[in-house]
Amino acid sequence: MKKIFALLLSLVTLCALMLAAGCGGSEKKAEAPKAQPVKELRVTYVKSPLNIPSIVDKFNQTTVKGFEKDGTKVSFPVITSGAKQTEALAAGSLDIASCLGGTSAILAASNGVDVKVVGIYSRAPKAFNIMVRDPAIKTAADLKGKRVVGPKGTILHQILAAALAKEKLTLNDVQFRSLGIPASVNALLSGEADAALVAGADVLRAQRAGARVLANGEGLVDATIVIGVSGKFLKEHPDVVQKYLALHQENLKFMKDQQAKAYEFTAKETGLESDDVKLMAPWYDFSTAITDKDIKDLEATQEFLMANGMQKKKIDIKSMLAEMK
């Protein structure tokens, strides 16, 4: 009996030791270490053509205040070129491209840049226009052989191609020269160009100087601007990206609830009159959810880039989408 009792006691002791070590079917997995908050979050600030959510964010300091409690400093490098934004994402000197042209995102992804689209910033087909002064130019068909200026490889360039295609013409049927938007308006007004590709406040400037809209993106191109992030940053800090998007929604809510104040901020930041902001604001759809229509528009953008030799390698558009829930 003493031997049996000693054996039982040994077994009880052994089981207790095993349980203490996490054995015996009661193993507790070690908790994954919590993601360390980032010390600095770098988000582009681009106010044009009429990026009201970004302007509201600047005036209300929404993102800055939202990350203060985490000890995260937010900086806002001003990078207006889509190509330079994606270069910065690739170099690790930028974390979030708050409003990145769909063309730039696609070109970057096709060239191997790890860029992910986590939402839509805006759609604004009415804000992107082909403008002329000559009363003899009534449709895009009348642009054949004419001098057209505007930024190459952009949404505006795509709208020109789509408008020409509708008339069974191609970009080869016009004399196209790449210029920035303000310079394009100046060329049109001075008579150095017959048509200019114009967006945002420059549309009003051109109109007030005697130009008119020949065509815009309506029915042709949705002019999709996306929210892009570094794929590496998204993988390492999904919580930070999610929080940024939630703060972006706060700016959209402010725009809806306090529209007059949002327009006032925008007028101050852009130098526009309040009535101008009120006129142009309805041109923009700032809802962030990525829809099937958005995907089709991005796919059409890729076809435009491929057809005009600006993109060499075709990608699966859905592969660069990482919409946050």
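Two rings of Phe, Tyr or Trp count as a pair here if their centres lie within 6.5 Å. Keep that cut-off in mind as you click around this predicted model.

Start with Phe59, Phe254 and Phe265: ring pairs join these residues into a cluster. In total, the structure holds four aromatic pairs.

Next, select Tyr121 and Phe286. Their ring centres are 5.8 Å apart and the planes meet at 85°, so this pair is edge-to-face. It ties together distant parts of the chain, with Tyr121 in strand 4 (residues 115-123) and Phe286 in the loop between helix 12 (274-280) and helix 13, 165 residues apart. Switch on a surface and check the two residues: Tyr121 counts as buried because its relative accessibility is 1%, and Phe286, at 8%, counts as buried too.

Now go back to the cluster and zoom in on Phe254 and Phe265. With centres 5.9 Å apart and planes at 5°, this pair is stacked. Phe254 belongs to helix 10 (residues 238-257) and Phe265 to helix 11 (residues 259-270), eleven residues apart. Both Phe254 and Phe265 are buried.

Stay with rings for one more stop, and pick Phe67 plus Lys243. Lys243 lies over the face of Phe67, 5.2 Å from the ring centre.

Last stop: Ala300, in helix 13 (residues 292-307). Is Ala300 buried or partly exposed? Its relative accessibility is 40%, so Ala300 counts as partly exposed. Add Leu220 to the selection and draw a C-alpha to C-alpha distance: Ala300 and Leu220 are 9.9 Å apart in space, and 80 residues apart in sequence.

Technical notes. Residues are numbered from 1 along each chain as its sequence is written. This is a predicted model: local features need pLDDT of at least 70, side-chain atom pairs count only at pLDDT 80 or more; totals for chains, interfaces and linings use all residues. Side-chain values use heavy atoms; hydrogens and water are left out. Helices (H or I, at least four residues) and strands (E, at least two) are DSSP runs, numbered from the N terminus. Buried means under 20% relative accessible area, exposed over 50%, partly exposed in between (1.4 Å probe, protein chains only). Rings of Phe, Tyr and Trp (its six-membered ring) pair if their centres lie within 6.5 Å; planes under 30 degrees apart count as stacked, over 60 as edge-to-face and the rest as tilted. A charge sits over a ring if NZ of Lys or CZ of Arg is within 6 Å of the ring centre and within 35 degrees of the ring normal.
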